[in-house]
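Student: I have a model with a ligand in it, and I'd like to go through the reasoning behind the words people use for such sites. Can we take it step by step?

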Amino acid sequence: MEKVLTRNIGPEQTPTDLKAYEANGGYQGLRKALSDLSPKDCQAVISDSNLRGRGGAGFPTGMKWSFVPMGDSCTPGHKYLVCNADEMEPGAFKDRLLMECDPHQLIEGMILAAYTIGADLSYIFIRGEYVVAIERLRGALAECYASGLLGENILGSGFSLEMNVHPSAGRYICGEETALINALEGKRAIPRAKPPFPQVSGLWGRPTIVNNVETLCNIPHIIDRGADWYKTLGLGEDAGTKMFGVSGRVNNPGCWELPMGTPIRDLLEVHAGGMQEGLQLRGFLPGGGSTDFLLPEHLDLAMDYNVIGKAGSRMGTGTLIILDDQTCPVGMVLNLIRFFAHESCGFCTPCREGLPWTRQVLQDIEDGRGQLEDLETLAYQVKYIGAMGNTHCALAPGAMEPLQSALKYFRDDFDRHISGGCCPYESHKAHQHQQIGTGA
Amino acid sequence: MNDAQMIQTDLGTVLTREEICQIDAELSHVPYKAGAAIDALKIVQAQRGWISDESLRAIAKHLEMSAEELDGVATFYNLIYRRPVGEKVILFCDSVSCWICGCDGIKAKISAKLGIDYGETTADNQYTLLPVPCLGACDRAPVMMVADDLITHLDEDKIDQLFSDVKAKDSVSVGEQ
Ligand SMILES: Cc1cc2nc3c(=O)[nH]c(=O)nc-3n(C[C@H](O)[C@H](O)[C@H](O)COP(=O)(O)O)c2cc1C
Ligand code: SF4
Ligand code: FES
């Protein structure tokens with residue numbers, strides 16, 4: 001397969017500087033757009049390419065951009081482009097690689113996106129813990145300003161753009177795009193009501209596009225080589241390539257660029273090297289911590305948005321988390337719910353009060369204090385906390401996804417915890433502890 | 001800090017000239033002063049390690065907002081510290097992939113070695129231990145950050161090496177994070 005997003009990323013994972021990036025075709029897309037294409041043309045190419053947002057929801061990027069008021073229909077003032085580099089979804093680790101190893105690819109994508117929507121100010125909103133990426137992006141931005149790729153009158157085109165790296169002060173909810181906008185405004189990162197959508201009224205009340213790192217990294221290639229070329233990269237119905245990842249107890253956990261529609265089995269068995277010795281596959285979350293479990297019987301499905309959707313889960317971030325047969329499914333779901341309960345922004349009651357309640361019920365079951373009625377309580381919580389519309393944003397429904405599918409697929413495990421009065425995986429855990437504890 | 005570097009405010013709390021300079025640079029990017037609240041907190045924390053009540057009041061005054069409003073912002077974010085922290089903060093990932101790969105045991109090992117639990121600081125003031133959401137390095141689990149360094153594939157030996165100079169003593173609690 002042709003490497004697109006990772007063409008500058010080798011096994012040593014050393015970052016590309018401006019010279020190396022340009023030597024390998026970098027900023028060709030930008031030069032082409034600024035000399036030959038109008039913003040409207042660029043928007044049309046991205047729409048035609050069928051690029052879908054890589055931040056988790058898979059919303060078509062060209063369509064999202066088309067909602068930004070342009071020309072006379074836009075009131076005078078700034079427009080903003082924001083790159084969402086918050087990456088805190090449990091189990092997601094793809095954007096880090098793209099930023100640390102090829103910062104210019106992201107910057108070129110952002111300049112093109114800003115040109116398309118007519119933005120004059122742009123931010124890379126990045127989690128504060130990504131210190132290496134922050135430093136490399138800042139270095140790359142300095143190179144761009146020094147060579148006329150950013151600032152006033154870029155490459156003599158008349159288009160001007162400022163770009164800044166904005167490290168976050170923390171909290172998972174900042175990744176939700178309207179919460180992110182509130183964080184950029186110096187407020188508590190509580191999601192905003194929609195409508196109005198950010199495309200029309202976002203940062204400081206002005207039109208704003210928020211896109212994921214990986215989404216933006218695709219843009220230079222699509223503009224440079226066209227929508228038709230891009231569509232041929234996917235194996236199934238979705239276009240392009242995707243950063244896929246596998247974590248958990250497999251032989252070779254990692255992150256790889258592969259065609260959209262790659263079978264899950266290829267990811268797990270070829271790229272991740274299969275399960276570690278002595279372990280069997282029990283199930284997996286296909287796209288990070290807020291997606292539903294799938295089972296070994298789903299291994300031959302293609303990683304395409306609709307295919308995974310029809311199987312009852314979501315492609316999410318495309319980073320698989322593997323559950324093996326010696327890890328407790330109840331414990332895994334408890335870990336996830338604990339995370340989401342901790343990260344709730346506290347604005348709405350079902351999430352603020354409901355998630356800690358769910359966590360407590362799961363903790364009781366895991367600790368062997370569970371009752372059969374607890375399973376009804378969990379089903380009730382999945383129904384009410386999980387329903388879109390009962391909460392102000394998608395954090396709480398997302399939190400319920402692994403729980404709802406665990407109740408369906410691993411019901412036996414819940415029952416064994418309750419009837420046995422303890423976690424049936426406890427002996428394995430004790431074994432692990434013993435190994436870790438020796439020599440202490 | 002010497003007196004000449006300080007600007008006195010009428011609340012009796014002070015920001016240094018350096019801090020004020022940096023905060024004012026941020027103000028040029030925002031339409032009203034409170035918009036720079038998080039940046040200002042980060043600037044002051046970078047100098048002082050944490051945000052004391054005095055620092056909070058000084059920043060609030062400079063940004064023309066109430067201390068309560070600014071505290072609402074400060075306490076929301078997990079990388080803004082409203083209590084003192086040690087010289088190095090350990091951000092320990094206990095999210096799902098690290099959990100599957102045995103992070104609970106590593107955490108127990110760190111706690112035993114340093115004599116601290118989440119939210120606590122070692123008696124010599126070197127380390128504070130805090131949990132952090134998934135560090136985006138799940139393929140190298142279990143992981144943590146110590147100050148600005150990402151440390152991957154944690155095991156017992158690594159913990160021993162990293163903290164070989166630390167003797168577990170009585171810890172000082174700085175409360176819930
Ligand atoms: C709780 C929550 C956390 C999110 N975190 C992220 C994140 O870290 N990175 C990201 O790109 N999108 C995240 N999203 C999705 C964003 O809201 C938004 O849909 C995305 O940035 C849009 O980019 P895209 O259209 O390029 O996919 C999150 C959504 C929710 C509800
Ligand atoms: S669902 Fe949770 S995170 Fe989202 S707005 Fe409500 S309380 Fe905040
Ligand atoms: S779960 Fe620990 S780095 Fe992702």
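Tutor: Sure. Start with a definition: a molecule sits in a pocket if more than half of its atoms lie within 2 Å of the pocket's grid points. Keep in mind that this is a predicted model.

Student: Then how do you know that ligand 1 sits in the largest pocket?

Tutor: By that very test: sitting there requires more than half of the atoms within 2 Å of the grid points, and ligand 1 is found to sit in the largest pocket.

Student: What makes up the lining of the largest pocket?

Tutor: That pocket holds about 1,300 Å³ of space. Its lining counts 45 residues, and the closest to the centre are A:Gly55, A:Ala57, A:Gly175, A:Glu176 and A:Glu177. The elements giving two or more residues to this lining are S4 and helix H17 (395-409) of chain A. By class, you get 13 nonpolar, 19 polar and 13 charged residues.

Student: Which residues are closest to ligand 1 itself?

Tutor: A:Gly55, A:Lys64, A:Asn211, A:Asn212 and A:Thr215, out of 19 that surround ligand 1. Strand S4 (residues 208-212) of chain A gives the largest share of that shell, three residues. Sorted by class, the shell has six nonpolar, seven polar and six charged residues.

Student: Why is the pair between A:Asn212 and ligand 1 called a polar contact?

Tutor: The cut-off for a pair of N or O atoms is 3.5 Å. A polar side-chain atom of A:Asn212 lies 2.8 Å from an oxygen atom of ligand 1, so the pair qualifies as a polar contact. Backbone atoms pass too: a polar one of A:Glu87 is 3.1 Å from a ligand 1 oxygen, and for A:Arg54 the distance is 3.3 Å.

Student: How much of ligand 1 does the protein bury?

Tutor: The protein buries 88% of the 620 Å² that ligand 1 exposes when taken alone.

Student: What makes a space a cavity and not a pocket?

Tutor: In a cavity a 1.4 Å probe fits but cannot get out, whereas a pocket is open. Four cavities here reach 30 Å³ or more, and the largest has a volume of about 70 Å³.

Student: Which residues lie nearest the centre of the largest cavity?

Tutor: A:Cys345, A:Cys348, A:Cys351, A:Cys393 and A:Leu395, from a lining of 13 residues. That lining has nine nonpolar, four polar and no charged residues. Cys and Leu both count as nonpolar, so the five named residues fall in that class.

Key
Residues numbered from 1 in each chain as written. Chains lettered and ligands numbered in written order. Predicted model: local features only at pLDDT ≥ 70, side-chain atom pairs only at ≥ 80, totals over all residues. Heavy atoms only, no water. Near = heavy atom within 4 Å. Polar contact = N/O pair within 3.5 Å; in protein donor to acceptor, adjacent residues only side chain to side chain. Areas by Shrake-Rupley, 256 points an atom, 1.4 Å probe, with all protein chains shown as cover. 1 Å grid on protein atoms, 1.4 Å probe; cavity = no way out; pocket = protein on both sides within 12 Å on 5 of 7 lines; lining within 4 Å. Helix = DSSP H or I, 4+ residues; strand = E, 2+ residues; numbered from the N terminus. Points joined across faces, edges and corners; volume = space filled by probe spheres on them.
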